[in-house]
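The following exercises concern a predicted model. Please work through each task with the sequence and structure at hand before reading its solution.

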Amino acid sequence: MLIAVLSCSTVFAEFSWTNEEYGYVLSAPFKKTSARIMAMGGAGIAVQNNADALYMNPASLGAKGLVFNIPNVAFTLYNIKDFNDMGLIDSLIEDPESVLDSVGDMINSDLLDYGRNNLAKVDAGIGFKAGRFAFAVDTQVNLNLYNSVGGFEYLNIIPQVDVAFTTGFGWRFLRDEAINFDVGVSLGLNLRAFTQAVSFETFSDAMTGDSNFEDVLNGYVTALGWAMPLSIGFNANFPFGFTVSAVASNIQLINGGYNYKRTTFNAIEDDPMGEIFSAIGADEFTAKSDMNLALGVGWAPDLGGWEWLADPTVAIDFVDLIGLFDDFSLNSFLARLKMGAEIKLFKVLELRGGLNGGYVSLGLGVDLFKVIHLEASYYWNEFGENLGDKDVDAFTIRANIFWE
(Lines give C-alpha, C1' and ligand atoms only; values in the text may rest on other atoms or scores of the structure.)
Protein backbone atom coordinates (compact mmCIF):
# COMPACT_ATOMS: atom_id res chain seq x y z
CA MET A 1 0.00 0.00 0.00
CA LEU A 2 2.86 2.38 0.86
CA ILE A 3 4.58 1.71 -2.48
CA ALA A 4 1.29 2.33 -4.31
CA VAL A 5 0.74 5.66 -2.53
CA LEU A 6 4.29 6.80 -3.21
CA SER A 7 3.97 5.78 -6.87
CA CYS A 8 0.78 7.84 -7.29
CA SER A 9 2.37 10.82 -5.55
CA THR A 10 5.28 10.63 -7.96
CA VAL A 11 2.93 10.65 -10.96
CA PHE A 12 1.11 13.69 -9.62
CA ALA A 13 4.36 15.52 -8.92
CA GLU A 14 5.73 14.90 -12.40
CA PHE A 15 2.53 15.81 -14.25
CA SER A 16 1.31 19.42 -14.36
CA TRP A 17 -1.78 20.93 -15.91
CA THR A 18 -0.17 23.51 -18.20
CA ASN A 19 -2.31 26.58 -18.78
CA GLU A 20 -1.57 26.55 -22.51
CA GLU A 21 -2.87 23.04 -23.11
CA TYR A 22 -5.45 22.61 -20.33
CA GLY A 23 -6.33 26.21 -19.44
CA TYR A 24 -9.63 26.29 -21.34
CA VAL A 25 -10.77 22.97 -19.89
CA LEU A 26 -9.72 23.92 -16.36
CA SER A 27 -11.48 27.27 -16.13
CA ALA A 28 -14.18 27.48 -18.85
CA PRO A 29 -17.66 27.99 -17.36
CA PHE A 30 -20.24 25.31 -18.05
CA LYS A 31 -22.39 26.23 -21.05
CA LYS A 32 -25.46 24.26 -22.00
CA THR A 33 -25.66 23.86 -25.78
CA SER A 34 -28.65 25.74 -27.19
CA ALA A 35 -29.26 25.11 -30.88
CA ARG A 36 -31.56 28.13 -30.97
CA ILE A 37 -29.06 30.56 -29.47
CA MET A 38 -26.14 29.30 -31.57
CA ALA A 39 -28.21 29.67 -34.76
CA MET A 40 -28.91 33.29 -33.74
CA GLY A 41 -25.23 34.11 -33.58
CA GLY A 42 -24.96 33.34 -29.86
CA ALA A 43 -27.29 36.23 -28.97
CA GLY A 44 -30.29 35.87 -26.70
CA ILE A 45 -29.92 37.33 -23.20
CA ALA A 46 -32.77 39.76 -23.94
CA VAL A 47 -34.96 37.06 -25.51
CA GLN A 48 -37.53 35.24 -23.40
CA ASN A 49 -36.50 31.60 -23.55
CA ASN A 50 -37.93 29.35 -20.87
CA ALA A 51 -35.88 26.33 -21.86
CA ASP A 52 -32.48 28.03 -21.49
CA ALA A 53 -33.25 31.03 -19.24
CA LEU A 54 -31.29 29.47 -16.36
CA TYR A 55 -28.09 29.73 -18.40
CA MET A 56 -28.73 32.78 -20.57
CA ASN A 57 -30.49 35.22 -18.25
CA PRO A 58 -32.27 34.20 -15.03
CA ALA A 59 -34.28 37.46 -15.10
CA SER A 60 -36.36 35.85 -17.87
CA LEU A 61 -37.79 33.54 -15.19
CA GLY A 62 -39.81 36.56 -14.03
CA ALA A 63 -42.31 35.82 -16.78
CA LYS A 64 -44.53 33.34 -14.93
CA GLY A 65 -45.19 29.98 -16.52
CA LEU A 66 -45.22 26.23 -16.15
CA VAL A 67 -42.65 24.36 -18.24
CA PHE A 68 -41.50 20.75 -18.29
CA ASN A 69 -38.45 19.96 -20.39
CA ILE A 70 -37.91 16.22 -20.05
CA PRO A 71 -35.59 15.31 -21.58
CA ASN A 72 -33.45 17.49 -23.88
CA VAL A 73 -30.55 16.02 -25.85
CA ALA A 74 -28.08 17.77 -28.18
CA PHE A 75 -25.22 16.46 -30.28
CA THR A 76 -22.54 18.73 -31.75
CA LEU A 77 -19.90 17.79 -34.32
CA TYR A 78 -17.08 20.22 -35.11
CA ASN A 79 -14.89 20.67 -38.21
CA ILE A 80 -17.76 19.73 -40.53
CA LYS A 81 -16.14 21.32 -43.59
CA ASP A 82 -12.88 19.43 -43.08
CA PHE A 83 -14.70 16.16 -42.49
CA ASN A 84 -16.80 16.64 -45.61
CA ASP A 85 -13.73 17.46 -47.74
CA MET A 86 -12.13 14.23 -46.56
CA GLY A 87 -15.27 12.16 -47.21
CA LEU A 88 -15.74 11.41 -43.52
CA ILE A 89 -19.38 12.51 -43.48
CA ASP A 90 -20.25 9.76 -45.95
CA SER A 91 -18.17 7.32 -43.91
CA LEU A 92 -20.03 8.33 -40.74
CA ILE A 93 -23.36 7.51 -42.39
CA GLU A 94 -22.25 4.27 -44.02
CA ASP A 95 -19.85 2.84 -41.43
CA PRO A 96 -19.39 4.90 -38.23
CA GLU A 97 -16.61 2.65 -36.89
CA SER A 98 -14.42 3.41 -39.92
CA VAL A 99 -14.38 7.17 -39.33
CA LEU A 100 -11.70 7.34 -36.63
CA ASP A 101 -9.50 4.90 -38.54
CA SER A 102 -9.44 7.20 -41.57
CA VAL A 103 -8.81 10.47 -39.74
CA GLY A 104 -5.08 9.88 -40.08
CA ASP A 105 -5.41 10.78 -43.77
CA MET A 106 -6.25 14.40 -42.94
CA ILE A 107 -4.42 17.03 -44.99
CA ASN A 108 -4.63 20.82 -44.56
CA SER A 109 -7.16 20.42 -41.77
CA ASP A 110 -7.72 22.75 -38.82
CA LEU A 111 -7.53 19.60 -36.71
CA LEU A 112 -3.83 19.43 -37.47
CA ASP A 113 -3.11 23.08 -36.73
CA TYR A 114 -1.29 24.07 -33.58
CA GLY A 115 -3.50 24.87 -30.59
CA ARG A 116 -7.02 24.14 -29.38
CA ASN A 117 -9.96 22.63 -31.24
CA ASN A 118 -13.00 20.43 -30.55
CA LEU A 119 -14.12 17.12 -31.96
CA ALA A 120 -17.61 16.48 -30.58
CA LYS A 121 -19.93 17.27 -27.69
CA VAL A 122 -23.06 15.60 -26.29
CA ASP A 123 -25.56 17.30 -23.94
CA ALA A 124 -28.41 15.66 -22.04
CA GLY A 125 -30.59 17.09 -19.31
CA ILE A 126 -33.95 17.57 -17.67
CA GLY A 127 -35.56 20.69 -16.25
CA PHE A 128 -38.76 22.34 -15.18
CA LYS A 129 -40.12 25.76 -14.33
CA ALA A 130 -43.03 26.41 -11.97
CA GLY A 131 -44.11 30.02 -11.76
CA ARG A 132 -40.92 32.00 -11.22
CA PHE A 133 -38.80 29.09 -9.99
CA ALA A 134 -36.73 26.76 -12.19
CA PHE A 135 -34.43 23.79 -11.68
CA ALA A 136 -32.38 21.71 -14.12
CA VAL A 137 -29.84 18.90 -14.16
CA ASP A 138 -27.56 18.76 -17.19
CA THR A 139 -24.70 16.54 -18.27
CA GLN A 140 -22.16 17.17 -21.01
CA VAL A 141 -19.42 15.05 -22.56
CA ASN A 142 -16.84 17.06 -24.48
CA LEU A 143 -13.98 15.75 -26.61
CA ASN A 144 -11.48 18.61 -26.58
CA LEU A 145 -8.58 18.60 -29.03
CA TYR A 146 -5.12 20.06 -28.60
CA ASN A 147 -2.22 19.91 -31.02
CA SER A 148 1.06 20.69 -29.26
CA VAL A 149 3.14 21.16 -32.43
CA GLY A 150 1.07 20.52 -35.54
CA GLY A 151 0.52 17.36 -37.53
CA PHE A 152 -1.38 14.16 -36.84
CA GLU A 153 1.24 12.59 -34.55
CA TYR A 154 0.86 15.51 -32.11
CA LEU A 155 -2.94 15.57 -32.07
CA ASN A 156 -4.36 14.79 -28.60
CA ILE A 157 -7.83 14.39 -27.13
CA ILE A 158 -8.77 15.63 -23.66
CA PRO A 159 -12.00 13.84 -22.61
CA GLN A 160 -14.16 16.01 -20.34
CA VAL A 161 -17.38 15.30 -18.44
CA ASP A 162 -19.54 17.96 -16.75
CA VAL A 163 -22.58 17.58 -14.50
CA ALA A 164 -24.47 20.76 -13.57
CA PHE A 165 -27.23 21.23 -11.02
CA THR A 166 -28.78 24.66 -11.48
CA THR A 167 -31.65 26.45 -9.76
CA GLY A 168 -32.99 29.93 -10.37
CA PHE A 169 -35.65 32.44 -9.42
CA GLY A 170 -37.01 35.52 -11.21
CA TRP A 171 -39.44 38.29 -10.29
CA ARG A 172 -41.27 40.85 -12.41
CA PHE A 173 -41.97 44.30 -10.97
CA LEU A 174 -44.82 46.52 -12.22
CA ARG A 175 -46.21 43.52 -14.08
CA ASP A 176 -49.34 45.28 -15.34
CA GLU A 177 -47.58 48.47 -16.42
CA ALA A 178 -46.43 49.38 -19.94
CA ILE A 179 -42.83 49.46 -18.70
CA ASN A 180 -41.86 46.72 -16.26
CA PHE A 181 -38.70 45.14 -14.91
CA ASP A 182 -37.39 41.63 -14.26
CA VAL A 183 -34.65 40.59 -11.88
CA GLY A 184 -33.39 37.05 -11.47
CA VAL A 185 -30.67 34.97 -9.97
CA SER A 186 -29.42 31.44 -10.63
CA LEU A 187 -26.99 29.30 -8.67
CA GLY A 188 -25.23 26.17 -9.89
CA LEU A 189 -23.20 23.31 -8.52
CA ASN A 190 -20.96 22.23 -11.39
CA LEU A 191 -18.87 19.06 -11.30
CA ARG A 192 -16.12 18.50 -13.85
CA ALA A 193 -13.70 15.68 -14.61
CA PHE A 194 -11.11 15.33 -17.36
CA THR A 195 -8.00 13.28 -17.97
CA GLN A 196 -4.56 14.17 -19.18
CA ALA A 197 -4.31 14.31 -22.98
CA VAL A 198 -4.64 11.03 -24.87
CA SER A 199 -3.07 10.69 -28.31
CA PHE A 200 -5.66 10.64 -31.09
CA GLU A 201 -4.34 7.32 -32.36
CA THR A 202 -4.67 5.69 -28.94
CA PHE A 203 -8.15 7.14 -28.46
CA SER A 204 -9.33 6.00 -31.89
CA ASP A 205 -8.06 2.45 -31.21
CA ALA A 206 -10.17 2.37 -28.05
CA MET A 207 -13.26 3.79 -29.77
CA THR A 208 -13.09 1.31 -32.65
CA GLY A 209 -12.57 -1.69 -30.38
CA ASP A 210 -8.89 -2.34 -31.14
CA SER A 211 -8.22 -1.79 -27.44
CA ASN A 212 -10.25 -1.43 -24.27
CA PHE A 213 -11.20 2.17 -23.43
CA GLU A 214 -10.95 1.58 -19.68
CA ASP A 215 -7.51 -0.01 -20.08
CA VAL A 216 -6.34 3.01 -22.08
CA LEU A 217 -7.29 5.48 -19.33
CA ASN A 218 -6.45 3.21 -16.41
CA GLY A 219 -4.02 5.09 -14.19
CA TYR A 220 -4.21 8.30 -16.23
CA VAL A 221 -3.89 11.42 -14.14
CA THR A 222 -7.35 12.96 -13.86
CA ALA A 223 -8.58 16.30 -12.59
CA LEU A 224 -11.82 16.23 -10.61
CA GLY A 225 -13.30 19.60 -9.70
CA TRP A 226 -16.35 21.52 -8.60
CA ALA A 227 -17.52 25.12 -8.69
CA MET A 228 -20.50 27.21 -7.54
CA PRO A 229 -21.25 29.88 -10.14
CA LEU A 230 -23.82 32.60 -9.52
CA SER A 231 -25.60 34.60 -12.25
CA ILE A 232 -27.61 37.80 -11.79
CA GLY A 233 -29.85 39.14 -14.55
CA PHE A 234 -31.92 42.26 -15.20
CA ASN A 235 -34.51 43.08 -17.87
CA ALA A 236 -36.22 46.37 -18.67
CA ASN A 237 -39.30 45.64 -20.79
CA PHE A 238 -40.70 48.45 -22.94
CA PRO A 239 -43.73 48.85 -25.24
CA PHE A 240 -43.69 47.39 -28.75
CA GLY A 241 -41.77 44.33 -27.54
CA PHE A 242 -38.39 45.92 -26.77
CA THR A 243 -36.24 44.54 -23.95
CA VAL A 244 -32.88 45.77 -22.65
CA SER A 245 -30.93 43.31 -20.50
CA ALA A 246 -27.78 43.03 -18.43
CA VAL A 247 -26.31 39.80 -17.05
CA ALA A 248 -23.40 39.19 -14.72
CA SER A 249 -22.63 35.48 -15.01
CA ASN A 250 -20.04 33.01 -13.73
CA ILE A 251 -19.58 34.81 -10.41
CA GLN A 252 -17.60 32.07 -8.68
CA LEU A 253 -18.51 31.91 -4.99
CA ILE A 254 -15.81 29.48 -3.79
CA ASN A 255 -12.14 30.42 -4.35
CA GLY A 256 -13.00 32.27 -7.55
CA GLY A 257 -13.19 29.22 -9.79
CA TYR A 258 -13.03 25.43 -10.04
CA ASN A 259 -11.61 23.59 -7.04
CA TYR A 260 -9.71 20.56 -8.31
CA LYS A 261 -7.98 17.51 -6.94
CA ARG A 262 -5.68 15.14 -8.77
CA THR A 263 -6.81 11.55 -8.91
CA THR A 264 -6.94 8.71 -11.45
CA PHE A 265 -9.55 7.56 -13.95
CA ASN A 266 -10.11 4.21 -12.24
CA ALA A 267 -10.57 5.91 -8.84
CA ILE A 268 -13.40 8.04 -10.27
CA GLU A 269 -14.87 5.00 -11.99
CA ASP A 270 -14.95 3.01 -8.73
CA ASP A 271 -16.25 5.75 -6.41
CA PRO A 272 -16.96 9.11 -8.08
CA MET A 273 -18.81 10.72 -5.17
CA GLY A 274 -16.21 9.52 -2.68
CA GLU A 275 -13.50 11.09 -4.81
CA ILE A 276 -15.39 14.38 -5.03
CA PHE A 277 -15.88 14.81 -1.29
CA SER A 278 -12.64 13.31 0.03
CA ALA A 279 -9.66 15.52 0.89
CA ILE A 280 -6.34 14.96 -0.80
CA GLY A 281 -4.18 17.69 0.71
CA ALA A 282 -1.28 18.81 -1.47
CA ASP A 283 -2.92 17.47 -4.62
CA GLU A 284 -5.64 20.11 -4.52
CA PHE A 285 -5.48 23.21 -6.70
CA THR A 286 -7.78 25.97 -7.97
CA ALA A 287 -8.33 27.21 -11.52
CA LYS A 288 -9.64 30.78 -11.61
CA SER A 289 -12.72 31.36 -13.80
CA ASP A 290 -13.54 34.97 -14.67
CA MET A 291 -16.91 36.65 -14.35
CA ASN A 292 -18.65 37.66 -17.58
CA LEU A 293 -20.64 40.87 -17.93
CA ALA A 294 -22.95 41.13 -20.94
CA LEU A 295 -25.52 43.57 -22.32
CA GLY A 296 -28.32 42.74 -24.73
CA VAL A 297 -31.22 44.20 -26.67
CA GLY A 298 -34.17 42.15 -27.87
CA TRP A 299 -37.24 42.86 -29.95
CA ALA A 300 -40.24 40.55 -30.07
CA PRO A 301 -43.09 42.71 -31.45
CA ASP A 302 -46.70 42.19 -30.44
CA LEU A 303 -48.49 41.59 -33.73
CA GLY A 304 -51.98 41.83 -32.28
CA GLY A 305 -53.01 38.21 -32.61
CA TRP A 306 -51.19 37.50 -35.87
CA GLU A 307 -48.34 35.63 -34.15
CA TRP A 308 -49.80 32.37 -35.42
CA LEU A 309 -48.83 33.47 -38.91
CA ALA A 310 -45.38 34.95 -38.30
CA ASP A 311 -43.71 35.61 -34.95
CA PRO A 312 -40.34 37.43 -35.34
CA THR A 313 -37.56 37.95 -32.77
CA VAL A 314 -34.38 40.02 -33.04
CA ALA A 315 -31.47 39.92 -30.56
CA ILE A 316 -28.16 41.79 -30.21
CA ASP A 317 -25.67 40.94 -27.44
CA PHE A 318 -22.35 42.38 -26.40
CA VAL A 319 -20.47 39.93 -24.17
CA ASP A 320 -17.37 39.95 -21.99
CA LEU A 321 -17.34 43.69 -21.38
CA ILE A 322 -14.63 43.28 -18.75
CA GLY A 323 -12.28 41.63 -21.24
CA LEU A 324 -12.83 44.43 -23.73
CA PHE A 325 -11.10 46.94 -21.43
CA ASP A 326 -8.05 44.66 -21.24
CA ASP A 327 -7.78 44.54 -25.04
CA PHE A 328 -9.62 47.49 -26.55
CA SER A 329 -9.46 47.19 -30.35
CA LEU A 330 -11.78 46.80 -33.34
CA ASN A 331 -10.98 43.08 -33.52
CA SER A 332 -11.75 42.68 -29.83
CA PHE A 333 -15.01 44.63 -30.19
CA LEU A 334 -16.24 42.55 -33.14
CA ALA A 335 -15.31 39.30 -31.40
CA ARG A 336 -17.73 40.21 -28.57
CA LEU A 337 -20.61 41.31 -30.80
CA LYS A 338 -23.36 38.76 -31.40
CA MET A 339 -26.60 39.33 -33.29
CA GLY A 340 -29.36 37.19 -34.70
CA ALA A 341 -33.00 36.89 -35.73
CA GLU A 342 -35.73 34.26 -35.73
CA ILE A 343 -39.12 34.04 -37.35
CA LYS A 344 -41.65 31.40 -36.38
CA LEU A 345 -44.15 30.53 -39.09
CA PHE A 346 -47.59 29.07 -38.28
CA LYS A 347 -46.27 28.30 -34.76
CA VAL A 348 -44.53 25.27 -36.25
CA LEU A 349 -41.49 26.18 -38.38
CA GLU A 350 -38.66 28.33 -36.97
CA LEU A 351 -36.08 29.94 -39.28
CA ARG A 352 -32.95 31.50 -37.72
CA GLY A 353 -29.79 33.30 -38.71
CA GLY A 354 -27.11 35.45 -37.14
CA LEU A 355 -23.56 36.76 -36.91
CA ASN A 356 -21.20 35.68 -34.15
CA GLY A 357 -18.10 37.89 -34.22
CA GLY A 358 -18.61 38.23 -37.96
CA TYR A 359 -19.14 34.50 -38.57
CA VAL A 360 -22.46 33.47 -40.12
CA SER A 361 -24.80 31.08 -38.33
CA LEU A 362 -27.96 29.40 -39.61
CA GLY A 363 -30.61 27.15 -38.15
CA LEU A 364 -34.16 25.91 -38.13
CA GLY A 365 -36.56 24.31 -35.71
CA VAL A 366 -39.79 22.34 -35.86
CA ASP A 367 -42.36 22.48 -33.07
CA LEU A 368 -44.58 19.41 -33.31
CA PHE A 369 -47.90 19.51 -31.43
CA LYS A 370 -46.37 21.72 -28.69
CA VAL A 371 -44.70 18.58 -27.34
CA ILE A 372 -41.70 17.61 -29.48
CA HIS A 373 -39.18 20.26 -30.46
CA LEU A 374 -36.49 19.45 -33.05
CA GLU A 375 -33.71 21.92 -33.93
CA ALA A 376 -30.58 22.06 -36.11
CA SER A 377 -27.90 24.74 -36.31
CA TYR A 378 -24.75 25.36 -38.34
CA TYR A 379 -22.32 27.97 -37.04
CA TRP A 380 -18.66 28.93 -36.66
CA ASN A 381 -16.33 29.27 -33.67
CA GLU A 382 -13.05 31.15 -33.33
CA PHE A 383 -10.37 29.09 -31.57
CA GLY A 384 -7.47 31.40 -32.37
CA GLU A 385 -6.11 34.50 -30.69
CA ASN A 386 -7.85 36.87 -33.14
CA LEU A 387 -10.79 36.71 -35.53
CA GLY A 388 -9.84 34.73 -38.62
CA ASP A 389 -6.91 32.90 -37.03
CA LYS A 390 -8.63 29.54 -36.58
CA ASP A 391 -12.30 29.43 -37.57
CA VAL A 392 -13.93 26.08 -36.85
CA ASP A 393 -17.46 25.25 -37.99
CA ALA A 394 -19.92 23.14 -36.02
CA PHE A 395 -23.26 21.45 -36.52
CA THR A 396 -25.70 20.90 -33.63
CA ILE A 397 -28.92 18.92 -33.54
CA ARG A 398 -31.15 19.08 -30.49
CA ALA A 399 -34.36 17.35 -29.50
CA ASN A 400 -36.48 17.94 -26.44
CA ILE A 401 -39.84 16.84 -25.19
CA PHE A 402 -41.54 19.63 -23.32
CA TRP A 403 -44.83 21.02 -22.23
CA GLU A 404 -45.28 24.76 -21.83
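**Exercise 1.** Determine in which sense E17 and strand E18 pair, and over how many bridges.

Solution. Begin with strand E18, residues 391-403. Its pairing with E17 is antiparallel and extends over 11 bridges. To fix the register, locate Trp380, which stands opposite Asp393 in E18.

Next, turn to strand E16 (residues 359-368), which is joined to strand E17 (residues 372-382) by 7 bridges, again with the strands running antiparallel. Here Gly363 stands opposite Ser377 in E17. Finally, inspect the connection: E16 and E17 form a hairpin with 3 residues between them, and Phe369 in the turn has a positive phi of about 60°.

**Exercise 2.** Decide whether Ser289 is buried or exposed, and identify the side chain with which Ser289 makes a polar contact.

Solution. First place Ser289 in the loop between strand E11 (284-288) and strand E12 (292-299). Its relative accessibility is 6%, and Ser289 therefore counts as buried, the cut-off being under 20%. The side chains of Ser289 and Asn250 are joined by a polar contact of 2.8 Å. Residues that Ser289 touches also include Ser27, Pro29 and Gln252.

**Exercise 3.** Establish which residues of the largest nonpolar core touch the most other members.

Solution. This core has 18 residues, and the members sought are Leu119, Leu145, Ile157 and Phe200. By element, H8 supplies the largest share, 3 residues. Then examine Ile157: among the residues it touches are Leu119, Leu145, Phe200 and Phe203. A separate core of 17 residues includes Trp17, Tyr146, Ala223 and Phe285.

Note on methods. Residues numbered from 1 in each chain as written. Predicted model: local features only at pLDDT ≥ 70, side-chain atom pairs only at ≥ 80, totals over all residues. Heavy atoms only, no water. Helix = DSSP H or I, 4+ residues; strand = E, 2+ residues; numbered from the N terminus. Buried < 20%, exposed > 50% of the residue type's maximum accessible area, 1.4 Å probe, protein only. Polar contact = N/O pair within 3.5 Å; in protein donor to acceptor, adjacent residues only side chain to side chain. Contact = heavy atoms within 4.5 Å. Core = buried A, V, L, I, M, F, W, Y, C linked by side-chain atoms within 4.5 Å. Pairing = 2+ DSSP bridges. Lists of a residue's contacts leave out its neighbours within four places in sequence.
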